[in-house]
Amino acid sequence: MKLVPLGDRIVLKQLEAEETTKSGIVLTGQAQEKPQQAEVVAVGPGGMVEGKEITMFVKPGDQVIYSKYAGTEVKLEGNEYIIVKQSDVLAIVE
């Protein structure tokens, strides 16, 4: 199975959280904050969404930073994904 986003939606796979701080302190699972950086897995076609022309600016393989509380979390075949609107993506990491 595969996720195919519609409209201006983007499927993201969240990058792993840091397990140690810069000073070397090991963080437990509960102390780790979910990273807001993810890899783009799939991109919707864009087009006309709610009466506006939407051009998609990201592509699969891009690393992006997205809004902290954005999107819908989905589990598929043991993997966790987040589906967000393109407007929830704040930046592309180059």
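In this predicted model, Arg9 has a relative accessible area of 32% and is therefore classed as partly exposed. Its salt-bridge partner is Asp8, and the closest N and O atoms of the pair are 3.4 Å apart. Asp8 has a relative accessibility of 7%, so this residue counts as buried. The pair thus joins a partly exposed arginine to a buried aspartate.

Four salt bridges were found when the whole structure was searched, including the one between Arg9 and Asp8. Another of them is formed by Glu50 and Lys85, with 4.0 Å between the closest N and O atoms. This pair links distant parts of the chain, as the two residues are 35 residues apart. Glu50 belongs to the loop between β3 (47–49) and β4, whereas Lys85 is part of strand β7. Glu50 is exposed, at a relative accessible area of 70%, while Lys85, at 29% relative accessibility, is partly exposed. A further salt bridge brings together the side chains of Glu80 and Lys75, with an N to O distance of 3.9 Å. Here the glutamate, Glu80, is partly exposed at 49% relative accessibility, and Lys75 is exposed with a relative accessible area of 67%.

Glu77 is located in the loop that lies between β6 (72–76) and β7 (79–85). The phi angle of Glu77 is near 50°, which is a positive value in a residue other than glycine. With 57% relative accessibility, Glu77 is exposed, because the threshold for this class is over 50%.

Strand β5 comprises residues 63–66 and is paired with two other strands, β2 and β8. Strand β2 (residues 37–43) runs antiparallel to β5 and is joined to β5 by three bridges. Within this pairing, Glu39 has Gln63 of β5 as its bridge partner. Strand β8 (residues 89–93) is also antiparallel to β5, and four bridges connect the two. In this second pairing, Val89 of β8 stands opposite Tyr66.

In a regular strand, side chains alternate between the two faces of the sheet. Strand β5 shows this alternation, with Val64 and Tyr66 pointing to one face and Gln63 and Ile65 to the other. The two faces differ in burial: Val64 and Tyr66 are buried, but Gln63 and Ile65 are not.

Ile65 also contributes to a nonpolar surface patch of about 240 Å², together with Leu90 and Val93. Leu90 is a residue of strand β8, the strand joined to β5 by four bridges. The relative accessible area of Leu90 is 56%, so this residue is exposed.

Asp62 is placed in the loop between β4 (52–54) and β5. At 12% relative accessibility, Asp62 is buried, because this value falls under the limit of 20%. The side chain of Asp62 comes to 3.0 Å from the backbone nitrogen of Lys59. Apart from neighbours within four places in sequence, the residues in contact with Asp62 are Ala38, Glu39, Val40, Phe57 and Ile92. Among these, Glu39 is the residue whose bridge partner in β5 is Gln63.

Key:
Residues are numbered from 1 along each chain as its sequence is written. This is a predicted model: local features need pLDDT of at least 70, side-chain atom pairs count only at pLDDT 80 or more; totals for chains, interfaces and linings use all residues. Side-chain values use heavy atoms; hydrogens and water are left out. Buried means under 20% relative accessible area, exposed over 50%, partly exposed in between (1.4 Å probe, protein chains only). Two strands pair if DSSP finds at least two bridges between them. Patches are made of residues with over 30% relative accessible area and no salt bridge: like charges are joined within 9 Å, nonpolar side chains (Val, Leu, Ile, Met, Phe, Trp, Tyr) within 5 Å. Accessible areas come from the Shrake-Rupley method with a 1.4 Å probe; for residues, only the protein chains shown count as cover. A polar contact is a pair of N or O atoms within 3.5 Å; within protein, one must be able to donate a hydrogen and the other to accept it, and residues adjacent in sequence count only if both atoms are side-chain atoms. Contact means heavy atoms within 4.5 Å.
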